[in-house]
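Here are my notes for your review. Please read them with the model open beside you.

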Amino acid sequence: ISFRVRSQAVARHVGCPDAVRIPASRPGLAVTDRWGPVQIYYLEKELLIQQGRQQAATRFSTEEQAIIQRALAESGGRTSIPLLVQWGLTEKPARKLLKAWELRGWVQKDPQRKNARYLTPKLRGLWSNGQTGQTRSN
């Protein structure tokens with residue numbers, strides 16, 4: 001991929017001979033050796049982080065957020081129907097929630113721990129991306 005370059009020699013050197021033909025009036029236009037011209041957009045990192053937090057906040061219901069927090073804080077990520085009932089759900093919604101989370105890949109039985117259900121790295125990643133602040137890269 002190459003943005004506009006000023007000389008044919010540089011365009012050939014980067015492998016995109018058409019890069020020299022990109023008009024200065026088209027900021028963000030680039031050329032690839034595979035797909036030809038593509039429009040590129042730049043977004044500030046903070047905007048991406050903010051959008052990720054907003055999406056994560058709507059990804060889980062208030063009830064799910066409370067359950068995830070309790071599972072992580074009180075049981076090391078373990079979930080079960082009896083635990084969910086103990087935390088305030090009735091049996092049918094607890095069963096339904098665990099089934100939905102298993103289908104999404106958010107909860108799995110762990111054979112290493114007597115087939116108990118645990119929050120998966122997938123759910124933990126979704127949770128941590130929306131619940132904690134991001135740090136700047138060096």
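1. Does Ser 80 count as buried or exposed? The model is predicted, so treat what follows as computed from that prediction. Ser 80 has 14% relative accessibility. Buried means under 20%, so Ser 80 counts as buried.

2. Now place Ser 80 in the chain. Ser 80 is found in the loop between strand S3 and helix H4, and H4 covers 81-86. The side chain of Ser 80 has a polar partner: it reaches the backbone nitrogen of Leu 83 at 3.1 Å.

3. Next, the sheet. Three strands make up an open sheet, in the order S3-S5-S4, and the pairing is antiparallel. Strand S3 (78-79) and strand S4 (107-110) are the edge strands, each pairing on one side only.

4. Look at the pairing of S4 with S5. Strand S5 spans residues 116-119, and 4 bridges join S4 to this strand. The two run antiparallel. Within this pairing, Val 107 stands opposite Leu 119 of S5.

5. Leu 119 also belongs to the largest nonpolar core, which has 18 residues. Ile 67, Ile 68, Leu 84, Trp 101 and Leu 119 are the members that touch the most other members. Four helices each supply at least two residues of this core: H3 (62-74), H4, H5 (91-104) and H6 (121-131). H5 gives the most, with 4 residues.

6. What does Ile 68 touch, leaving aside residues up to four places away in sequence? The contacts of Ile 68 are Phe 60, Trp 101, Leu 119, Leu 123 and Trp 127. Another core lies apart from the largest one. This other core has 7 residues, including Val 5, Ala 19, Ile 22 and Val 31.

7. Check the aromatic residues too. The structure holds 3 aromatic pairs. One aromatic cluster is formed by Phe 60, Trp 101, Trp 106 and Trp 127. Of these residues, Phe 60, Trp 101 and Trp 127 are also touched by Ile 68.

8. Finally, two arginines over rings. Where does the charged end of Arg 104 sit? It is over the ring of Trp 106, 4.8 Å from the ring centre. Trp 106 is also part of the aromatic cluster. The charged end of Arg 113 sits over the ring of Tyr 118, at 3.5 Å from its centre.

Methods: Residues are numbered from 1 along each chain as its sequence is written. This is a predicted model: local features need pLDDT of at least 70, side-chain atom pairs count only at pLDDT 80 or more; totals for chains, interfaces and linings use all residues. Side-chain values use heavy atoms; hydrogens and water are left out. Two strands pair if DSSP finds at least two bridges between them. Rings of Phe, Tyr and Trp (its six-membered ring) pair if their centres lie within 6.5 Å; planes under 30 degrees apart count as stacked, over 60 as edge-to-face and the rest as tilted. A charge sits over a ring if NZ of Lys or CZ of Arg is within 6 Å of the ring centre and within 35 degrees of the ring normal. Buried means under 20% relative accessible area, exposed over 50%, partly exposed in between (1.4 Å probe, protein chains only). A polar contact is a pair of N or O atoms within 3.5 Å; within protein, one must be able to donate a hydrogen and the other to accept it, and residues adjacent in sequence count only if both atoms are side-chain atoms. A nonpolar core is a set of buried Ala, Val, Leu, Ile, Met, Phe, Trp, Tyr and Cys residues joined through side-chain atoms within 4.5 Å. Contact means heavy atoms within 4.5 Å.
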